[in-house]
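Me: I am new to this structure and would be grateful for a close look at one part of it. Please describe the salt bridges and their surroundings.

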Amino acid sequence: MTTDRTFHRTLPPQQLLSPRWTLLRSQHISPTDNSTAGTSTVDSNATFTPTESLYSTGRTNAPNTTEVPTTGFTTKPAAEHLTEEPDEAADKKVSSKEAEEEEGPLEFARRSSRSVKVAKKTKTLLKKPKVLHKKPKVKTEAAKKAKPRVKQRVSHNNIQLLSLSECPPLGLESLRVKDVQLRASSFKRRGLGPHRGRLNIQSGIQDGDIYDGAWCTQHRDRDQWLEVDALRPTRFTGVILQGRSSIWSWDIVYTYKVQFSNDTLVWKPCMNGTEEAVFEGNQDSETPVLALFNTSTVARYIRINPQSWYENGTDGAICLRAEVLGCTLPDPNNIYAWQTEPTESRDKLDFRHHNYKEMRKLMKSVNEACPDITRIYSIGKSHKGHKMYVMEISDNPGKHELGEPEFRYVAGMHGNEALGRELLLNLMEYMCQEYKRGDQRIVRLVKETRIHLLPSMNPDGYEMAFKKGSELAGWALGRYSYEGIDMNHNFADLNSVMWNAIELETDKSKLINHYFPIPEQYTSEEAFVASETRAVINWMQNIPFVLSANFHGGELVVTYPYDMTRDWAPHEHTPTADESFFRWLATVYASTNQVMSNPDRRPCHNKDFLRYNNIINGADWHTVPGSMNDFSYLHTNCFEVTVELSCDKFPHASELPIEWENNRESLLVYMEQVHRGIKGVVRDKDTEAGIADAIIKVDDIDHHIRSVADGDYWRLLNPGEYQVTASAEGYYPSTRTCQVMYDHYPTLCDFRLTKTPKQRLKEILAKGGKIPKDLQLRLRQLRLRKLRATTKAINQRRAAAARRARRV
């Protein structure tokens, strides 16, 4: 191991107690002034730009150096030395509940208490900001075997929160850090290499050689390390650690050290006073644990060096998943703007994570900015009483217009998958702004479509994840409803109803293929159905949606129905009758998404969806009984897909602008697909009144839809020529040929149906009217026709009986 633990450097007192930095820390303000590039010390603006001597020629640190030069690393003051002015502290006194509701917690606000060891005498440290130096104690053999104690001390919790808000994750979890930037001292096999040491990475069920759940060392000693190359000078402030993702193995790191370098030759340890800091790791494999450095350090490379781990006899291994917190600094060698990856969006939107109250404020502000085209309404309440708000965007909010399709986006079914929520909030803002600017694309969408945006289907789960913070919520916290229900499996299983009917029914003409009724036991109050799920089902039944997408996170892929396999196999391709159009819908979103469409992107976890062009049949990925996609297709007219938006379920707020850029075009072009296919109105030929619940059948596609209250309908279809039949109870069916073109507007295909004489008679008799002569004649003809048919059948039976008698 190349680490030399004797390296140490102390900062001058004037840097440690910079008045400007103390004030910024005490006021919870992150320094943002970047106008002092080129300074040689940690200046009062705390921009931490690289010094000229950071990579100066002729001053390379040799491996045998006994002291680190003062220009080798730029550090920040130790946490113990940060004080708060009494008057300023008094001005900031607000209740924790009020602060949480108004602004929400800072990024990473909640963390494990094991991340650092807080000094017992906090008040004393605040009054006398001195570094405490203690003589090392001689440990007994028993003590050596025990879990090492963390030596890092932090005197004020708010200081820790501020450090986190200043520097975001480098991007191990979000894959902004590429595989080539990760190195390790050793690894067991390719599937446990350093490229797998990413926070929240998930392994396959079989713990395969390619996609495993952590970085695991080949050797078990204290000289093992995982190295991250930030590619440029970076101010490192902390590390988040996690154990191995596996259903077969239990591997965690209890304690670890951290080192820094500019050239990978000379390494400086992270210090805690005069001692090398030892940070506390994990007690389980899933809970992320945060450790903050007493002094932030500017360098290019950082190493995580495990010191103790769960050994489990000879079977234990040193395994970890990690995220590194750090602020990248301006690179003096990067003089061209195009060499820098974009980190912002050109759209001026509210890019941050919004808790429940902040979400309501943003939606209200959009409604106030665009009152003529927006409306906010609630479809119900969550288990804890949070209202499920929907933003409607239309040129006539609150009203279904004849011939105008209804579209919906749903996000936050899993509360900890937060990106979809923020994208829909950004979409509201964007459409309002662009409509006011006169953007013709947005104006056309608003005038021709009634759009419904539900940003949070599981507000209770989101609040749990939000309070933990983007990187500390883990993989599952907030996924379920407050009652512990996974709403992605909570809709009525109509697939089984359909397949059972197909197996049992001998007369195929009696089979239905749409509008399957909800089983009676599902609708009872005792059924284990989330209140949020019931609210969404009522919403689906009240509004005639045509097209929808629901947003998830943790992968990069678009899935389409069916989501459930017919024989309950773990995964098997299970297509619908509209397979070709569903593939088109999924392709539309995936091909316009900037990350999904990147051929060089890395798989997120344990499946490479690039081989499938980033789309897949849901059941072919993994079977999901009771999904919203399948329910929507089988119980309503609506076609729906699931979009997995990112590898990181809960991206840091700093990543939201670029995520918006990645998805903006996809969000718009997918909405435009609601106008593909045919549409029309089914009317009564005599009265011109719209006919509700008329069945629209397309030849060769075994899935029908129905007209809505005013008789209008929409049938999503790929380009081609179709024989379309409209039928309704009490009417003669009507068939016509409809041609679907490649244009971005639907083909009009209206129907006028003629009542049957029986239906006309029913209506006349119900009104107490007199039967007209033409209807009397028509009824007489029908009776004669029926009599002739009956007589013919009787005669045929008699003739057959006579023939049998003669043979006897």
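Reply: The following account turns to the salt bridges, after a few words on the model.

This is a predicted model, in which local features need pLDDT of at least 70, side-chain atom pairs count only at pLDDT 80 or more, and totals for chains, interfaces and linings use all residues. Residues are numbered from 1 along each chain as its sequence is written, and side-chain values use heavy atoms, with hydrogens and water left out. The chain has an average pLDDT (the predictor's confidence in each residue, from 0 to 100) of 80, and 76% of the residues score at least 70. Over residues 1–149, however, pLDDT stays under 50.

Side chains of opposite charge can pair when their charged atoms come close. A salt bridge here is a side-chain nitrogen of Lys or Arg within 4 Å of a carboxyl oxygen of Asp or Glu, and the structure holds 29 of them.

One of these joins Arg244 and Asp212, with an N to O distance of 3.4 Å. Arg244 is in the loop between β6 and β7, whereas Asp212 is in the loop between β4 (182–184) and β5 (215–216), 32 residues apart. Helices (H or I, at least four residues) and strands (E, at least two) are DSSP runs, numbered from the N terminus. Arg244 has 6% relative accessibility and so counts as buried; buried means under 20% relative accessible area, exposed over 50%, and partly exposed in between (1.4 Å probe, protein chains only). Asp212 is buried as well, at 0%. A network of salt bridges links Arg189, Asp212, Arg244 and Asp251.

The loop between β6 (226–242) and β7 (253–261) also holds Ile247. Ile247 is exposed, its relative accessible area being 60%.

A second pair is formed by Arg408 and Glu640, whose closest N and O atoms are 2.7 Å apart. Because Arg408 lies in strand β16 (residues 406–411) and Glu640 in strand β21, this pair ties together parts that are 232 residues apart in sequence. Arg408 and Glu640 are both buried.

A third pair consists of Glu665 and Arg441, with the closest N and O atoms 2.9 Å apart. Glu665 belongs to helix α18 and Arg441 to helix α10 (residues 440–448), so the pair ties together parts that are 224 residues apart in sequence. Glu665 is partly exposed, with a relative accessible area of 35%, and Arg441 counts as partly exposed at 22% relative accessibility.

Note on methods:
Contact = heavy atoms within 4.5 Å.
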